[in-house]
Amino acid sequence: MAVIGFIGLGNMGLPMACRLKEAGHAVRCFDLDAGAMERAHEAGLQRSASTSEAVAGAEVVITMLPSGRHVLEVINDPALRFEADALVIDCSTIDVESCAAFHAALGGKGLLTLDAPVSGGVGGAAAGTLTFMVGGSDDAFGRALALLRAMGRNIVHAGAAGAGQAAKICNNMLAGISMLAVSEALYLAKRLGLDPQKFFEIASTSSGQCWALTSYAPEPGLVPSAPANRGYEGGFASELMLKDLRLAEQAAVASRSPALLGAAAASVYAMHCAAGRGRLDFSSVIQMLGTAQPAGR
Ligand code: NAD
């Protein structure tokens, strides 16, 4: 069993750290937020007084932080003393540039590193069913696999350093665009007088079929397990989708890749969040379409 330093005990980090503890690992946790530390204590996790205390003596260090800036702040803290053969895994969703800086800074110290962002949300973190998209060397992946399996169900070695973040950003851009496309189609179908259930039955078995429609439909009443049926609570927040669409836009510009639909989706999600719906599941973006309609029509 490994000694693990876990940094970042937010919505995702806390349940992930709990899964590692349940799998028998010694998990030492740290978060800047006192409330998060209290929740970690209540969950029976071992609290550290600082990041450097959590990292000292740890064979594996895991970060689960809001953005690239936070990850680089943490790993570049001069007070940190990593074990000489430590493996550092960043599970946050971060920009391509910060991800490269993460690998370069720690790799330069001779440490093994992985970018391993996740899909599956808070529910998946609690149930240990996350999907991990992993970038890094075969050695680092081999060492991490048992730990990742304690937190996830699908563990994919996407390629070399950075490949995990690339996969995450591209996947979420696709999910954001397709949710908007499904919303537009459902909205137009209703405006044309079609019963949404009938349209759902037809499109689910026709060329319009996709995950956003058949597993996560944004219209209430079509897919019982979808957040649309519980007021768009839970699920994947619109503000996190906007964050990921912006990461995709940034990566598209830097790599000179046309991503016009990604940029259009980012713009719609930005308006949706600005309207105060950022905490709702991203399928609630369908509500943006109604606001385009003149009153009384
Ligand atoms: P969160 O904001 O709930 O948690 C982040 C935690 O990091 C906070 O508790 C914060 O206090 C802590 N933190 C920030 N700076 C720190 C520092 N310097 N040292 C120690 N702790 C620090 O975020 P989350 O929802 O847990 O998401 C974490 C990451 O996972 C993000 O990159 C997010 O995009 C990604 N993600 C989230 C979800 C989701 O459904 N919430 C799903 C997939 C991926």
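Buried means under 20% relative accessible area, exposed means over 50%, and partly exposed is in between, all with a 1.4 Å probe and only the protein chains counted. Keep that handy for the whole tour.

This is a predicted model, where local features need pLDDT of at least 70, side-chain atom pairs count only at pLDDT 80 or more, and totals for chains, interfaces and linings use all residues. Residues are numbered from 1 along each chain as its sequence is written, and side-chain values use heavy atoms, with hydrogens and water left out.

**Stop 1: the whole chain**

Show the cartoon. You are looking at 13 helices and 9 strands. Helices here are DSSP runs of H or I with at least four residues, strands are runs of E with at least two, and both are numbered from the N terminus. Turn the C-alpha trace around and you'll find that it spans about 65 × 45 × 35 Å along its principal axes. A compact globule of 297 residues would have a radius of gyration near 19 Å, and the chain has 21 Å, which agrees. That radius is taken over C-alpha atoms, and the globule rule is 2.2 Å times the number of residues to the power 0.38. Of the 297 residues, 48% count as buried.

**Stop 2: the ligand**

Now select the ligand and everything near it, meaning any residue with a heavy atom within 4 Å. You should pick up 22 residues, the closest being Asn11, Met12, Asp31, Leu65 and Lys243.

Zoom in on the oxygen atoms of the ligand. One of them lies 2.9 Å from a backbone N or O atom of asparagine 11. Move along to methionine 12: here too a backbone N or O atom is 2.9 Å from a ligand oxygen. Lysine 243 uses its side chain instead, with an N or O atom 2.8 Å from an oxygen of the ligand. How much of the ligand does the protein bury? Taken alone the ligand exposes 830 Å², and 85% of that is buried by the protein. These areas come from the Shrake-Rupley method with a 1.4 Å probe.

Colour α4 (68–75), α6 (121–127) and α11 (238–254): these are the elements that give two or more residues to the shell around the ligand. By type, the shell has 11 nonpolar, 7 polar and 4 charged residues. For that count, Ala, Val, Leu, Ile, Met, Phe, Trp, Tyr, Cys and Pro are nonpolar, Asp, Glu, Lys and Arg are charged, and the others, Gly among them, are polar.

Next, give domain 1 (3–160) and domain 2 (166–291) a colour each. Both contribute residues to the shell, so the ligand lies between them. The domain bounds come from an automatic or database assignment.

**Stop 3: helix α1**

Select residues 13–22, helix α1, where 7 of the 10 residues are buried. Those are Gly13, Leu14, Pro15, Met16, Ala17, Cys18 and Leu20. After α1 comes glycine 24, with a positive phi near 100 degrees.

**Stop 4: the loop after α4**

Go to the loop between α4 and β5 (87–90) and pick asparagine 76. Is asparagine 76 buried, exposed or partly exposed? Its relative accessible area is 43%, so it is partly exposed. Draw a line from asparagine 76 to alanine 105: they are 29 residues apart in sequence and 7.6 Å apart in space, C-alpha to C-alpha.

Aspartate 85 sits in the loop between α4 and β5 as well. At 54% relative accessibility, aspartate 85 counts as exposed. Try a line to proline 117, which is 32 residues from aspartate 85 in sequence and 22 Å away in space, C-alpha to C-alpha.

**Stop 5: α9 and α10**

Proline 196 is in helix α9 (residues 196–204). With a relative accessible area of 19%, proline 196 is buried. Then jump to alanine 212 in helix α10, which is buried at 1%. The C-alpha atoms of alanine 212 and isoleucine 177 are separated by 9.5 Å, with their positions 35 residues apart along the chain.

**Stop 6: either side of α11**

Which loop holds tyrosine 232? Look between α10 (211–214) and α11. Tyrosine 232 has a positive phi, near 60 degrees, without being a glycine, and it counts as buried at 7% relative accessibility.

Finish at arginine 256, in the loop between α11 and α12 (260–277). Arginine 256 is not a glycine, yet its phi is positive at about 55 degrees. At 78% relative accessibility, arginine 256 counts as exposed.

Notes:
Polar contact = N/O pair within 3.5 Å; in protein donor to acceptor, adjacent residues only side chain to side chain.
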